[in-house]
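Please open the structure in a viewer and set it to accept selections by chain and residue number. The tour below proceeds one selection at a time.

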Amino acid sequence: MIGLINGSTGAPEVEALALFARRLDLRGHAVVIEDAIFPADLVRARRHALAPYLTDLAATALSRVIVLGAEGIGVECAARLRHLLQVHPGVPVTAAGHFDNRAGLLSSQATIAAASGQEPVMLDLARLHPRPLLDRLPCPLGGLPLADRKAGSKPAVLLSIPGASLEEERCLDQLEALSHAGMFSLRVLTDQSGHSLLLEGRLAGLEVLTPADAAPDALASGADVLVLTGASAPDLNTLHVALDMLVSGRAVVDGTDSGALVERGVPALRGPRGLHALAGYLTGRVLPNLPEIHHRRGQSPWIAMHDFARVEAALDLRAPEAAHPVPAGDDILFVPTNGIGIGHAQRCVLIAGKLPEPAKARFAAFPSCVGLIRSRGFAVRPLVQKADDPDRSGDNDLITYQRLRRWTRCGDVLVFDGGYVFDGIRRAILEQGLRGIWIRRGLWQPQHATFHTLSRETTFERVIVPQEAFDELNDALTHGARVHAVGPIVRQDDPTLPAPTEMRARLSRLFDHPVGELVVTMLGGGRAADRSAHVSALSALLERRVGCLHLVLVWPGATIHPSSTGWRNTRVVRSTNALPLARAADLVVTAAGYNTFHEVLYHRIPAIFVPQVGQMMDDQSRRAASACERGAARVIGPDDFLTLSRAVTDCLDGGTAELREALARLHLPEPGAQQAAALIEEVRTR
Amino acid sequence: MTSRLGRVAVHDAGAGLFGGKDVATPLAETLQDLALPLLCGEAVATGEVAILHNPTFLKLAAALPVRIVARDLIVVAHETFLRPGGVEAFDVDHCLGLIRGASLTLRRRIAPVSPSNRAAVLAWQTSSREGGHWEVTQSDWFNICNAPMQPPTAAPRDRRGRLSRPGPEKFPGPSDLDFCFPATAEVNVILGGDLLVAESRRRRHWTVLPFRSISVEDFFGMIDFFVYFTAPSWRESFGRVIAEAIMAGKVVITDPATAAPFGAGVIAARPSEVDNVIAGLLADPASYARTVRRAQADLARYAPDRFATRFHEIVGFRTGVAA
C-alpha cells in the first residue's frame, strides 16, 4: 500500500493529491492518503475525489510513503511524518517536489530525513518535466491511456470553457449554435461560475460538467476531441484531461487566447480562438483526421515523455500485473433512493422482476428497503442512510459513491430510481463507465422541477418515466430521444397474492378476532408528517364497530405512536407487503403515493385518500383529486378529522358499492413494468 | 576579540538570505562598543586576512555581492557540510564556488569549528570538485564561550529539559523522547517544542513551550539536567546550546559525537540510558556537582584568551599587541 502525504495543505495541494492518487489507483497500485493534515473545509469541497483514499496512514500497512509538495514541508507534515515512520519504521520514503535549485532540494531532504528517520529518495519534478505544463507542478504529471471508444459512435467533443469566457457577449448564443452543429455531440467542461451561467441560460440538452463532477480520465473517456478555450492556461484538472487524450491518440485543440499549450511544446492542434469558427474547424479539419491523429501518437516523443508510465519509472513503481483481465460488465444494478417511504424500491423490484434474466439484477439500497428487496428474491447490498444532522446530511453520498465503485464494473447498467440524482451516483456512472438509466416518476411539486435537477438527465443514456393512470397528471418535464414514457408501474398478475377471502381468514386466525369488516390504514411511517392523530381518531371510531378489524400498516423502521396501541379492534402491522391486506379490505385509508394509488386503482380497492403534502413529496393532492373527480375514491384533507370519520362511517355503513362501480368503469393504461424492463435490457445488450 | 589583535573591518555580505532583516542585536551592540561601522554596499573588501562566516547564507544567491581581495581567505564552516550518512547538508559546492569566484587571494581555507565538523569537511573535500580549490586549517575555529559560570545546585532534583530551534532535525524520534522525558521525572520542560504541538504528541508530563516563548535564563532555572539528543540524520556542528547549559551550571547528557568537543564533564549516553545516569547522580549530589565543575573547567578551552592563541595559529602571523 502506498501512503501519500503532502508537504503543505492548501487547496491546490489537495487537488493534486487526489488526482495523483487516482492515477496510481487506475494503474493498479493500492494507494491511500493521509487524512489528518487537511483542513476540514478543503476536504469537504473535494470529498468525492478524496473519499476513496483518505485514511489514517498510521493504522494502515504501508509499503512506501510518497511525499508530494516536498519543496514546502510544513510543520504539520513534518510532525505527521515523524509519527508515521515511528509506526512504520523502515518504510521507504520518496519525496517529490518542484525545486528551484539544489539548495531547496537538499533542505527538503534534510527535513524529511529528520522527520522520517531515514534518507528519502528525492524526485525533482523540474528534472522530470524540464518543460513543465504548469509553472509550479504540485505533483508528477502523466497521461493515462484510455480504452478505445466504440467504433461507429458519433464523434464526441468536450469543450473546456471558463466561466469568464461565457460571460462575453454572444458567447452563449454561439455555444447553443455549436451544440446544434449536428456532426458531433457536445459536452461542456467549465468551472462553477460557468456552470451557474449555463443553467441560467437554460441550454436544453447540453451536458455541462465541472471538474468536481468526475475525475479527468472519466471526462476524457467520453470524448474524441478536447477543445481548450479561454484567456489563461488550463488548470491542473483540465491539463490531466488533455494529457489522457493525447496519450490515447485523441485530438486536443488549443483554442486558448495565447496558445497556452502549443507554446509549451504540446502536440495539440492550434485552433480558432472564438466559438463562432469552431464548428467549421472541427468538421473540416479535425474530425476527418481523427484516425491519422491517433496513428501518429506512437511517433511522438512528447507523448512518450508524458505517459504516466514514465512517472512510475521515476518513482521506481512497477505497475501490478492484473491476475486476469477484468471483463466488461453487463450486470444491472438497481439503486432506488428511499425518499420518504419505500416506493422507489417497490417500483424497481417490479421492473427487475420483468427482466428476461432477473438473475442479472442486483440491488444497492438503503436499509429500510433491504427487507422488501430480499423478500422478492433479489440480492441486495446496503447503502447508508442520510444523517439527521443537517451538517452531515450529504455524507452518506460519499459512502454510496465508494460502494458503487466497488460493486460495479465498466459496462454495467446502473438503474437509479429517485427524484434528485446525487453527486455520488452521477460520479460513479461517469467514472466507472456505467450505462445509466434514470427511472423518474413524474408529478413533481413545481418547486422541485428545477433546471438544475433535470439537467442531470444528460448523465443517463435513458430516462424512463412511469406514467400516471390519468392523462392530465402526466406532465412532461423534459423531452428528447433519451426520454421514454411507460405505463404505470404496478404490481399485477402476481400468483403469490392470496385471494381476499383467504387473507381475511388468515387475519382472523392470526389476531384471534372476527373479521366482519376489515379496514386497512396506511398513512405513512411518521417521517413525512405525523398522522398519529388520524390513526387515533380512526381507531376510536372503529372500536365501536362490532366485528371490525382495523389494521394500521407501517413500514419496518417506522415510528409507532403509543396511541395506536391498546385498542381491541386495532392492530399495528409492520410489513412492506401492503397489497394482500389492501385487496382483502373493505376500505383502505391511505396516503396517495404513486405505488399505493395505482394499486388501489388497478386492484379496484375502495379507498379514502389523505394526501401527504410535505415539501419533499410528490403532488399527492393532485393525484388523489383526479381519482375523486372520477368517483373512484374519496379524498380528505390532512387536517379534516371530522370529515374523515364521517367518510369512513359512510363507506362502511352505506357500503362501498358506488366506489367499486366507479373503479370498475375506469379504463386504465397497460402497466409499464414489462416495457421498462425491455428498455433496460436493450441498453444492457447493445 | 579580533579587534584586540589588529585592525578590523566588518562588511555586510548582503546576499539577502534573511530578507532585509536588521542586524542581530549582539553584533550591533558590539560594533557600537568598538566604534566600528558595519560596511554595507561596499563593492570590494580588502585586507591581509578575510574571514567569512558560515557560507550557507549564499545557498539561494546567484553571486556574492562583495568582491574579496586578501592574502588569506578563511571561510568558517559553522554549519556542518555533511549530515550523518554523508549527505550534503546544503549546496556546499555552490556556496564555496561563489566565494571563490568573487575573491582574489593567495590562500583559500576552510576552518572547521569542531572535530565532528572537521570530519565532515574532510569527507566533503574528497568527493567534491570544488573541494580541490580549498585547504583545511590545521586547527579548529571554535566558538568563543564567554559567560559567567553559574555554580551547580547542591540539591539536584529530577528536573529535566531541552532547548532547541523547533525544526525536526533537532528532535530525536518519539520513542527516544519518551526515554529522555519519562513520567517518573519531577519536571520535563521542552522549549522549542513547536513540532510536538503540531504532532499532537504532547505527553501530560511534559511542559512544552514554543520557541522563544521564555528566556533562556528562565528555562535553565526550571531544570537540573539538560538532556539533548537530535534526529539521527542530524549532528550539531559545535553545540552552542551545550555550552550554554554548562555555563548555566547544569549536568548535560547527550550523544557521544555531540559530547566530544566538551570533554568528560558532558555525559555521553544513549537515550535509553538517561534514566540510569540521572538516578546515579541524584543518589550522589556531590558527583552531580563534580560533573558540572568538570564540564565548566573543560569549557575554558573555548575562553576568549584561548581564542587569541588559536587565532594566531590559524592566521599564521601576529598582529597588534597581545593582551
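Begin by selecting Ala279(A), which is found in helix H12 (residues 278–286) of chain A. The model on display is a predicted one. Ala279(A) has a relative accessible area of 23% and is therefore partly exposed. Display the surrounding side chains: leaving aside neighbours within four places in sequence, Ala279(A) is in contact with Leu178(A), Ala181(A) and Phe184(A). Add Ser179(A) to the selection and draw a C-alpha to C-alpha distance; Ala279(A) and Ser179(A) are 9.1 Å apart in space and 100 residues apart in sequence.

**Chain A as a whole**

Next, select chain A in full and show it as a cartoon. Chain A holds 28 helices and 25 strands. Its C-alpha trace spans about 95 × 60 × 45 Å along the principal axes. Chain A has 686 residues, of which 56% count as buried. Of the contacts in chain A with a separation of 6 or more, 72% are accounted for by residues 24 or more positions apart.

**A helix residue beside chain B**

Select Thr111(A), in helix H5 (residues 102–116) of chain A. Is Thr111(A) buried or exposed? With a relative accessible area of 18%, Thr111(A) falls under the 20% limit and so is buried. Not counting residues up to four places away in sequence, Thr111(A) touches Ile73(A) and Pro168(B). The second of these partners, Pro168(B), belongs to chain B, so both chains should be visible at this stop.

**The seven-stranded sheet**

Return to chain A and colour its strands S13 to S19. In which order do the seven strands of this open sheet lie? The order is S15-S14-S13-S16-S17-S18-S19, and the pairing is parallel. Strand S15 (379–382) and strand S19 (483–486) of chain A stand at the edges; each has a single partner strand, so one side of each is left without a neighbour in the sheet. On average, and with direction ignored, neighbouring strands of this sheet are turned by 25° against each other.

Within this sheet, select strand S17 (residues 435–439) and strand S18 (residues 462–466) of chain A, which pair in the parallel sense over three bridges. Ile439(A) has Ile464(A) in S18(A) as its bridge partner.

**The cavity**

How many cavities of 30 Å³ or more does the count give? The count comes to one, and the largest cavity has a volume of about 40 Å³. To display its lining, select Gly442(A), Leu443(A), Val465(A), Pro466(A), Gln467(A), Glu468(A), Leu473(A), Asn474(A) and Asp475(A). By class, this lining has four nonpolar, three polar and two charged residues. Val465(A) and Pro466(A), both in the lining, fall within the residue range of strand S18 of chain A, 462–466.

**The six-stranded sheet**

Now colour strands S20 to S25 of chain A. They form an open sheet of six strands in the order S22-S21-S20-S23-S24-S25, with parallel pairing. Strand S22 (570–574) and strand S25 (634–635) of chain A stand at the edges, each with a single partner strand, so one side of each lacks a neighbour in the sheet. Strand S24 (residues 607–609) of chain A is joined to S25(A) by two bridges, and the strands run parallel. Ile608(A) stands opposite Arg634(A) in S25(A).

Add helix H21 of chain A to the view. H21(A) lies across S20, strand S21 (548–554) and S22 of chain A, running at about 90° to S21(A).

**Two residues with positive phi**

Most residues other than glycine have a negative phi. Select Asp512(A), in the loop between helix H21 (500–511) and strand S20 (517–522) of chain A. Asp512(A) has a positive phi of about 50° although it is not a glycine. Its relative accessible area is 70%, so Asp512(A) counts as exposed.

Then move to chain B and select Ala35(B), in the loop between helix H2 (25–34) and strand S2 (38–39). Phi of Ala35(B) is positive, near 55°. Ala35(B) counts as exposed, at 64% relative accessibility.

**A buried glycine in chain B**

Finish at Gly265(B), in the loop between helix H9 (256–259) and strand S12 (267–268) of chain B. Gly265(B) is buried, with a relative accessible area of 3%. Beyond its neighbours within four places in sequence, Gly265(B) is in contact with Thr291(B), Arg294(B), Ala295(B) and Asp298(B). As a last distance, select Gly47(B): the C-alpha atoms of Gly265(B) and Gly47(B) are separated by 40 Å, with their positions 218 residues apart along the chain.

Technical notes. Residues are numbered from 1 along each chain as its sequence is written. Chains are lettered from A and ligands numbered from 1 in the order in which they are written. This is a predicted model: local features need pLDDT of at least 70, side-chain atom pairs count only at pLDDT 80 or more; totals for chains, interfaces and linings use all residues. Side-chain values use heavy atoms; hydrogens and water are left out. On a 1 Å grid over the protein atoms alone, a cavity is a set of points where a 1.4 Å probe fits but cannot get out, and a pocket is an open set with protein on both sides within 12 Å along at least five of seven lines; lining residues have an atom within 4 Å of a point. Grid points are joined across faces, edges and corners, and a volume is the space filled by probe spheres set on the points. Ala, Val, Leu, Ile, Met, Phe, Trp, Tyr, Cys and Pro count as nonpolar, Asp, Glu, Lys and Arg as charged, and the others, Gly among them, as polar. Two strands pair if DSSP finds at least two bridges between them. Helices (H or I, at least four residues) and strands (E, at least two) are DSSP runs, numbered from the N terminus. Axes are lines fitted to C-alpha atoms, for helices over the stretch in contact, and angles run from 0 to 180 degrees between N-to-C directions. Buried means under 20% relative accessible area, exposed over 50%, partly exposed in between (1.4 Å probe, protein chains only). Contact means heavy atoms within 4.5 Å.
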